[in-house]
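Visitor: Please take a close look at one part of this model, the largest pocket, and then work outwards from there to what surrounds it.

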Amino acid sequence: MKLLICLFMLANFNATASSYKAKELLPFELESMIESLPWDIYSLKEKEMINGIVKELDAKLSRLNEKERYLFAKTTLIRYFLKHPPSESISESIYNRSILREIRNSFSKEKQTKFVNWLMRAILSDIEDIFNSAQYVNLQGKDPKSIPVLRKKFQLIGPWVQFFMGKSRKEIDFALSTKYLEAIKFLNSKIETYVNFKTMKKNFFEPSKKLAYFTIERETKVPEIENEILSIIDDVIKKHEKAGIPTPVEDWVPHDDDIAKKQKANIIKEADPDYVKPETLPEPVNDWLYEI
């Protein structure tokens, strides 16, 4: 019984323990985002969807040349994440340059994914440039419209600065887990529109059966996990023994005295020679509604 439970748990583990890696030269934004997908957060349904949209992306990337593939993926993803931050609110604390030190200290305590680390550094670098700008004093002034470019840049970056404040790695990964999927779908749609416009016709994009730009990496530390699972099962059995609850045993294998083996191969009874078929059968009624 313990072996069956272990095999069942390992089968579920193998079905979920995988991740995508970039195989060919791709822009860092796309490469790091794909490799930073938090697989332990996604449900099985979401993982199936990821497999589908990554295969679709792989097929569409093959329709672009090297220069298009690099610039298109880079600019599209940057545009998406700037326009769709996890939080759109901006508090007054954003205008204080001390937040730069707070966020850096927070990030130094916990290792982030490759994509989050890149995004955080880019956002903090841009917000620091705004703080150091000679026009920054006018951003909170009476006439902020006099600096539209600086104001627009602050509106794009500010929500991300707000998002990074006081967030743990798990909170960041959870908040971005949906954003990653939306970003891949957004990139897929933009590439399709571009290719259709480039060829002046409606193109059919069949998902790649064999990936050209990504590869799937699976967890290989099965023995360690098997030992861990068996240890968990042993702990449960010990608790049952201590509480006086019957423990599972290896009695599922059929024995020679199994009652099923003593049954005849043909258990269908012979027809009763004295049986008389009734002339009429009871009529069905529709009175079940009265019982409700």
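Guide: By class, the lining of the largest pocket consists of nine charged, four polar and four nonpolar residues. The model is a predicted one, and the totals for linings use all residues. The volume of the largest pocket is about 410 Å³. Its lining counts 17 residues, and those closest to the centre are Glu35, Ser36, Leu37, Thr113 and Arg169. Two elements, β1 (18-22) and α8 (169-199), each contribute at least two lining residues. Of the elements, α8 gives the most, with three residues.

Glu35 leads from the pocket to helix α2. This residue is among those closest to the pocket centre, and Glu35 is also one of the α2 residues that meet α6. Helix α2 covers residues 28-35 and helix α6 residues 114-131; their axes come within 7 Å of each other and cross at roughly 135°. With that crossing angle, α2 counts as oblique to α6, because the angle falls short of the limit of over 145 degrees for roughly antiparallel and lies outside the 65 to 115 range for roughly perpendicular. On the α2 side, the contact is made by Phe28, Glu29, Glu31, Ser32, Met33 and Glu35, and on the α6 side by Lys114, Phe115 and Trp118. Sorted by class, the residues of this contact are four nonpolar, four charged and one polar.

Burial in α2 comes next. Glu29, Leu30, Ser32, Met33 and Ile34 are the buried residues of this helix. Glu29, Ser32 and Met33 are also listed in the contact with α6. The packing of the buried α2 residues extends beyond α6: their partners also include β1, α3 (44-61), α4, α8 and β2 (214-218). Two of these partners, β1 and α8, are the elements that each supply at least two residues to the largest pocket.

Trp118, on the α6 side of the helix contact, leads on to the second largest pocket. The volume of this pocket is about 200 Å³. Among its 14 lining residues, Ile78, Leu82, Trp118, Leu119 and Ala122 lie nearest the centre. Elements giving two or more residues to this lining are α4 (66-83), α6 and α7 (148-164). Helix α6 has the largest share, six residues. The class count for this second lining is 12 nonpolar, two charged and no polar residues, against four nonpolar, four polar and nine charged for the largest pocket.

Back at α8, which gives three residues to the largest pocket, there is a further site to examine. Asparagine 188 is part of this helix. Its relative accessibility is 2%, so asparagine 188 counts as buried. Leaving aside residues up to four places away in sequence, asparagine 188 touches Ile53, Glu56, Leu57 and Lys60. For the pair asparagine 188 and glutamate 56, the C-alpha to C-alpha distance is 7.3 Å, with a sequence separation of 132 residues.

The loop between α8 and β2 holds methionine 200. Phi of methionine 200 is near 60°, which is a positive value in a residue other than glycine. Methionine 200 is exposed because its relative accessible area is 67%, and the cut-off for exposed is over 50%.

For context, the chain has 10 helices and two strands. Of its 292 residues, 32% are buried. Among contacts with a separation of 6 or more, 81% join residues that are 24 or more positions apart.

How values were computed:
Residues are numbered from 1 along each chain as its sequence is written. This is a predicted model: local features need pLDDT of at least 70, side-chain atom pairs count only at pLDDT 80 or more; totals for chains, interfaces and linings use all residues. Side-chain values use heavy atoms; hydrogens and water are left out. Axes are lines fitted to C-alpha atoms, for helices over the stretch in contact, and angles run from 0 to 180 degrees between N-to-C directions. Helices (H or I, at least four residues) and strands (E, at least two) are DSSP runs, numbered from the N terminus. Angles under 35 degrees count as roughly parallel, over 145 as roughly antiparallel, 65 to 115 as roughly perpendicular and the rest as oblique. Contact means heavy atoms within 4.5 Å. Ala, Val, Leu, Ile, Met, Phe, Trp, Tyr, Cys and Pro count as nonpolar, Asp, Glu, Lys and Arg as charged, and the others, Gly among them, as polar. On a 1 Å grid over the protein atoms alone, a cavity is a set of points where a 1.4 Å probe fits but cannot get out, and a pocket is an open set with protein on both sides within 12 Å along at least five of seven lines; lining residues have an atom within 4 Å of a point. Grid points are joined across faces, edges and corners, and a volume is the space filled by probe spheres set on the points. Buried means under 20% relative accessible area, exposed over 50%, partly exposed in between (1.4 Å probe, protein chains only).
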